[in-house]
There are 2 protein chains.
Amino acid sequence: VLQAYRLLEDRGKIEARPQSGYYVRTRFWKPPAEPDISRPATTSTKVNIGDMVLRFTQQVMRPDVVPLGAAVPGPELLPTIALNRLAASIARRAPRASIGYDLPPGNERLRTQVAKHMFNAGCELGPDDIVTTCGGQEALGLCLRAVAKPGDTIAIESPTFFGTLQLIELLGMKALEIPTHPRNGVCLDAMRRAVDRNAMKACLFIPNYQNPLGCRTSDDCKKALLKMLAERQIPLIEDDIYGDLPLDGPRPKVCKAFDKHDLVLLCSSFSKTLAPGFRVGWCAPGKFRDDVIKLKLYSTLATATVPQMAIAEYLATGGYEHHLRKVRKAYGENIERMSRLVTEHFPAGTKLTRPAGGFVLWVELPAGADSMRLYDRALKLGISIAPGPIFSAKSKYANFVRLNCGLEWNDRVERAMETLGRLIEEGASA
Amino acid sequence: VLQAYRLLEDRGKIEARPQSGYYVRTRFWKPPAEPDISRPATTSTKVNIGDMVLRFTQQVMRPDVVPLGAAVPGPELLPTIALNRLAASIARRAPRASIGYDLPPGNERLRTQVAKHMFNAGCELGPDDIVTTCGGQEALGLCLRAVAKPGDTIAIESPTFFGTLQLIELLGMKALEIPTHPRNGVCLDAMRRAVDRNAMKACLFIPNYQNPLGCRTSDDCKKALLKMLAERQIPLIEDDIYGDLPLDGPRPKVCKAFDKHDLVLLCSSFSKTLAPGFRVGWCAPGKFRDDVIKLKLYSTLATATVPQMAIAEYLATGGYEHHLRKVRKAYGENIERMSRLVTEHFPAGTKLTRPAGGFVLWVELPAGADSMRLYDRALKLGISIAPGPIFSAKSKYANFVRLNCGLEWNDRVERAMETLGRLIEEGASA
């Protein structure tokens with residue numbers, strides 16, 4: 001029966017609704033094919049996408065645009081009032097602590113709650129294994145600096161999060177892009193060849209709900225990857241920022257859960273699930289803990305105190321799991337609607353990922369489409385998208401765009417997708 | 001008459017009380033002599049004090065010790081309740097903004113207030129000249145990375161703030177220590193020789209209320225310094241974190257006020273005056289603004305939103321100037337009491353700075369005293385101090401200590417000073 005359901009789903013006759021079941025579609029549609037596995041260059045390269053990414057990051061969060069660009073959750077999906085109430089109450093009850101420094105490794109209650117929460121991801125961490133940071137971006141940067149120096153080569157998925165690429169660029173390191181499958185994650189065969197051929201200093205991967213692909217690496221692949229890296233003592237920086245956001249099923253395990261050699265530096269934050277503006281992230285840097293703490297002390301000294309305390313309190317008492325169920329459902333519905341709009345409005349030949357979690361879609365437009373041009377033209381019409389080239393060290397993916405589905409759905413979004421479709425058609429015929 | 005007052009003051013017969021006048025001392029004392037100008041090596045050097053500083057930073061803020069080590073204002077001197085109330089009220093009134101990112105250059109209202117405030121320091125800045133940061137430490141690091149690369153030489157005062165030394169160490173840069181006078185600041189003649197002899201990429205100075213010396217560079221010297229640097233296009237990173245804390249007289253001007261060539265990167269924060277745990281700092285990076293913004297984006301993405309909004313509101317409506325008058329008075333009284341205790345309890349031959357602002361004292365113990373040993377022994381007895389060697393790239397100043405006077409005065413402080421005196425005497429005879 002399940003196979004019959006899947007077949008019907010593949011044909012677009014029915015749709016799965018998370019936590020609910022299969023439903024007959026009101027209007028039949030067949031999702032387009034998925035993109036192929038990526039084929040980046042096999043040599044490492046300096047990253048030089050800084051100005052493009054800078055322009056994108058500064059424009060993409062303008063409040064007046066339909067926010068299909070940045071992977072930022074819509075504020076109406078966040079437990080804003082609860083978090084702000086907790087913050088106010090903590091500051092009132094513990095004024096001295098709230099105004100003072102909370103030096104690295106950071107707020108103890110938060111570290112305890114994070115360790116507890118990560119038990120769901122297969123990790124047996126204690127509070128002392130965790131270092132809190134000013135968001136996930138600081139965590140990634142501290143871990144990178146702890147394991148590598150300027151000139152060193154870092155293996156990354158292709159495509160990958162532009163913030164990682166920017167870090168590599170600004171730290172004067174080199175990127176080695178590994179072929180990555182839009183459903184299975186980083187290709188282990190390619191990885192093995194890369195490890196044999198290159199002086200790889202570290203890897204920085206997003207095994208759970210990769211950004212922008214949305215894929216989850218299986219537990220078997222995670223184990224095989226770690227085994228390969230352990231043989232060569234290559235550290236893995238694991239970005240798990242989307243790990244709490246499966247579209248279906250349980251919270252996946254992290255690589256860190258299978259890490260027998262203390263080589264995984266696990267990084268995450270609450271920016272995708274609770275409060276981007278609180279700037280609270282964390283890492284579990286394994287044997288690199290002392291280096292990470294030293295780097296943290298002299299980069300930002302400490303993370304803001306009250307935001308850490310408020311998130312700790314929310315994790316302890318606020319119903320984080322309940323909140324996650326709610327946003328996962330919203331993201332799942334949005335991804336389904338957005339996929340349908342891509343199918344309706346984008347040209348024939350467009351390909352589309354089937355994310356397993358997170359809230360972004362990676363769209364391959366027909367060959368010849370220019371997503372940088374599309375980005376500029378769409379922005380003028382009040383729509384932001386993320387153009388493909390910012391996800392590559394070598395500005396590949398010219399005909400790809402990433403779409404954010406972590407927003408509040410409304411008519412503006414539907415109209416924006418229509419407009420994008422029109423712009424792409426125009427671009428193709430121009 | 002004024003000269004007579006000063007003479008009596010020098011002899012310890014009377015004391016000046018800020019905002020009040022001269023008073024006959026209840027108990028006569030003569031402050032010890034001031035330390036001489038420093039004489040660091042004339043060549044640049046790699047910095048290698050990391051583990052010493054790490055140990056210090058992690059131990060020094062233990063809540064159970066008498067806090068003479070870290071230069072952190074006592075929480076009872078801070079407007080904690082007012083700030084926390086503002087934060088709560090802002091989060092209630094603007095929930096969406098409070099939970100969202102506030103991307104670089106950072107919160108506009110805060111940038112407007114900072115620009116306005118710095119008019120008092122002789123600066124004509126607009127909101128767009130300012131970039132907000134996760135505390136002063138991030139501001140210094142971003143500015144350093146914007147103007148110099150690994151291997152480059154940075155001129156610094158000697159002694160100087162260990163956080164600066166650590167930044168230089170972690171960024172793989174070299175430090176060139178410039179002789180610095182405990183009352184007049186960096187020696188311009190020595191600076192000229194250093195500039196002529198060395199490939200100096202940038203300077204990082206604390207012209208107002210230098211840490212640990214407490215001295216203020218005169219406006220004439222500031223102008224002369226800038227002229228010298230402009231001739232060679234050498235940028236100056238100006239750390240003005242203590243600038244709002246003169247012990248007497250008006251708020252001094254910053255070098256930035258005399259900067260005709262846009263070469264000054266002015267850095268500061270609210271950690272010494274309002275709220276260390278809010279982690280709100282800022283910089284005005286002149287022509288390096290775009291680089292600083294790019295580095296900020298990929299170091300921490302953004303500064304926590306509500307802390308920025310709360311400080312902006314406090315600057316606009318909370319009576320910041322009134323608060324500053326209050327803490328300056330407290331710091332002045334503490335410095336006076338602490339100087340007297342040094343005179344009473346420390347061995348003959350001890351020398352002592354006369355800070356013009358800020359809230360630290362720099363104490364030169366008799367030759368042979370070992371401040372690292374004193375640090376360890378004092379910590380065991382529940383007293384923290386800052387040992388001299390962490391203020392030098394080459395671990396000089398073995399017989400110096402820095403004492404924090406930004407604390408709530410009580411009997412424990414007086415007893416701690418007695419104990420320190422005893423430990424120093426014992427160390428000297430051991």
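What follows is a short chat about a predicted two-chain model.

Visitor: Before we start, what are the ground rules for numbering and for pLDDT?
Guide: Residues are numbered from 1 along each chain as its sequence is written, while chains are lettered from A and ligands numbered from 1 in the order in which they are written. The model is predicted, so to speak of local features takes pLDDT of at least 70 and side-chain atom pairs count only at pLDDT 80 or more, with totals for chains, interfaces and linings using all residues, and side-chain values use heavy atoms, leaving out hydrogens and water.

Visitor: OK, what rotation superposes chain A on chain B?
Guide: One of 180 degrees, with 0.0 Å of shift along its axis and an RMSD of 0.0 Å. That is how a two-fold axis relates things. The fit is by least squares on the C-alpha atoms of residues with pLDDT of at least 70 in both copies.

Visitor: Which C-alpha of chain A is nearest the axis?
Guide: That of A88(A), at 2.6 Å from the axis. Both copies use the same surface, too: 100% of the contact residues of chain A recur in chain B, where contact means heavy atoms within 4.5 Å.

Visitor: Switching to helices. How many residues of α6(A) are buried?
Guide: 12 of its 13, with buried meaning under 20% relative accessible area, exposed over 50% and partly exposed in between (1.4 Å probe, protein chains only). Among them are G135(A), L140(A), C143(A) and V147(A). Helices here are DSSP runs of H or I with at least four residues, strands are E runs of at least two, and both are numbered from the N terminus.

Visitor: And how far does α6 of chain A reach?
Guide: Helix α6, residues 135-147, reaches 19 Å from its first C-alpha to its last, close to the 18 Å expected. That expected span is 1.5 Å times one less than the number of residues.

Visitor: What about M228(A), buried or exposed?
Guide: Buried, at 2% relative accessibility. M228(A) sits in helix α9 of chain A and touches L188(A), M191(A), R192(A) and V195(A), leaving aside residues up to four places away in sequence.

Visitor: Now sheets: in what order do the 4 strands of the open sheet in chain B run?
Guide: β13-β14-β17-β16, with antiparallel pairing. β13 and β16 of chain B are at the edges with a single partner strand each, so one side of each has no neighbour in the sheet. Strands pair if DSSP finds at least two bridges between them.

Visitor: How many bridges do β14 and β17 of chain B share?
Guide: 5 bridges, and V360(B) stands opposite N404(B) in β17(B).
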